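Student: Please give me a close account of a single part of this model, and state the cut-offs behind each term as it arises.

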Amino acid sequence: MEPLDPDHLAPDARPRARDLGIVVGEAATGPLNAITDVPGVRVGHTTVRRPPGVHSGVTAVVPDTVGPHTPLPAGVFTGNGYGKLIGTTQLAELGAIETPVLLTSTLSAFRVADALVGWMLERPGCEEVLSLNPVVGECNDGVLSDIRARPVHEEHVRAALDTASGGPVAEGCVGAGTGMVALGFKAGVGTASRTLDLAGRPFTVGTLVQANFGGTLRVGGRTVTARSLGLAADGPEQAAETGSCMIVVATDAPLDARQLTRVARRAVFALARTGAAYSHGSGDYAVAFGTRPGAPVADAGLGPLFTAVLDVVEEAVLNSLLAATTTTGHRGRTVPALPAGRLLAALGAPVPSPAPGSGP
């Protein structure tokens, strides 16, 4: 792919990693390079922003057919469990999800779970449902948002669920990513996908991340910091031992719950490629689900899928950083965005000259 010139993008445009020529792995992406490339998976966001103090929201990953009578095989893996992933124990015990997977801010997670239950109970076929296991993950947006205000309410959850759609997925400072900070930069939601062959059949795997974790950013094996790029955050920086990451992985490959747990494990491992610290105060979780139940692929054939999962998570984290914008939030704290042009210069990559007539 011919890289874009990051210094001559439209003012509201933010490049993705591949737009800059930063390619992770060798497998082809899906058409949108997003989790929605997996058939039957939709994404919805509601952004709750009341500057300067509130930068929050909710994101819904919605498999078309999921429900208490039509659960989907799933697995979960906890890298470091300093967090709230509602629904974990039943998911791990039964190896299935029966609701969409929602992401939000730490202190709003419980309201979001309650709203998700209410929304599900109103679905056709759920009139007699007496038990339901909502799956809701969270990251702490307290650096930039007044987290104690718990600004995410039922109407925001319902809007994210009702407007969930296929197609391109908004990234960066949107939905559950609105107030996120990762690896020293403003971050948020990111997504990516890969297509691959397993046992001679084509499949897709995609991920969506809510990136909010500590550590030192690495791109292509090179360390990148705000200071090394000539930037500095105003106010206290995110401590390396704090922050979290929620990862959702979807695939149409037929896998059982045990195999999906192996997939979720690789998703958390992939954060190390980007410089994750996995520290005491970090909640690093992955939920992986399959949209096509059936006879599972043999374990010995899962290598390409594991590689693809490592690649999509790494790329999704980079996309979450590149899509985000510098944000000033609660108590005047400012967190800088990752500047594409300076990043390419730090990596030693050529920045293309503007096309004739493109302007300054």
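Tutor: What follows concerns one sheet, the helices laid across it and a residue in the segment before one of its strands.

The model is predicted, so local features are reported only at pLDDT of at least 70 and side-chain atom pairs only at pLDDT 80 or more, while totals for chains, interfaces and linings use all residues. Residues are numbered from 1 along each chain as its sequence is written, and side-chain values use heavy atoms, with hydrogens and water left out.

The sheet is open and contains four strands in the order β1-β2-β5-β6, with mixed pairing. Strands here are DSSP runs of E with at least two residues, helices are runs of H or I with at least four, and both are numbered from the N terminus; two strands pair if DSSP finds at least two bridges between them. At the edges are β1 (41–50) and β6 (135–139), each of which pairs on one side only. From one strand to the next, the twist averages 15°. Within the sheet, β2 (residues 54–63) is joined to β5 (residues 101–105) by three bridges in the antiparallel sense, and A60 stands opposite L102 of β5.

Two helices lie across these strands. Helix α2 (residues 109–121) crosses β2, β5 and β6 and runs at about 155° to β6. Angles are taken between N-to-C directions on a scale from 0 to 180 degrees, with axes fitted to C-alpha atoms, for helices over the stretch in contact. Helix α3 (residues 154–162) lies across β1, β2 and β5, at about 145° to β1. Its buried residues are H156, V157, R158, A160 and L161; buried denotes under 20% relative accessible area, exposed over 50% and partly exposed in between, with a 1.4 Å probe and protein chains only. These buried residues of α3 pack against β1, β2, β5 and α2, where contact means heavy atoms within 4.5 Å.

The segment before β1 contains D37. D37 is buried without a salt bridge, and the nearest side chain of opposite charge, R16, is 7.3 Å away. A salt bridge requires a side-chain nitrogen of Lys or Arg within 4 Å of a carboxyl oxygen of Asp or Glu; Lys and Arg count as positive, Asp and Glu as negative, and His and the chain ends are not counted. The side chain of D37 does make a polar contact with that of S193, at 2.6 Å. Such a contact is a pair of N or O atoms within 3.5 Å; within protein, one must be able to donate a hydrogen and the other to accept it, and residues adjacent in sequence count only if both atoms are side-chain atoms. Leaving aside residues up to four places away in sequence, D37 touches G30, P31, L32, S193 and T204.
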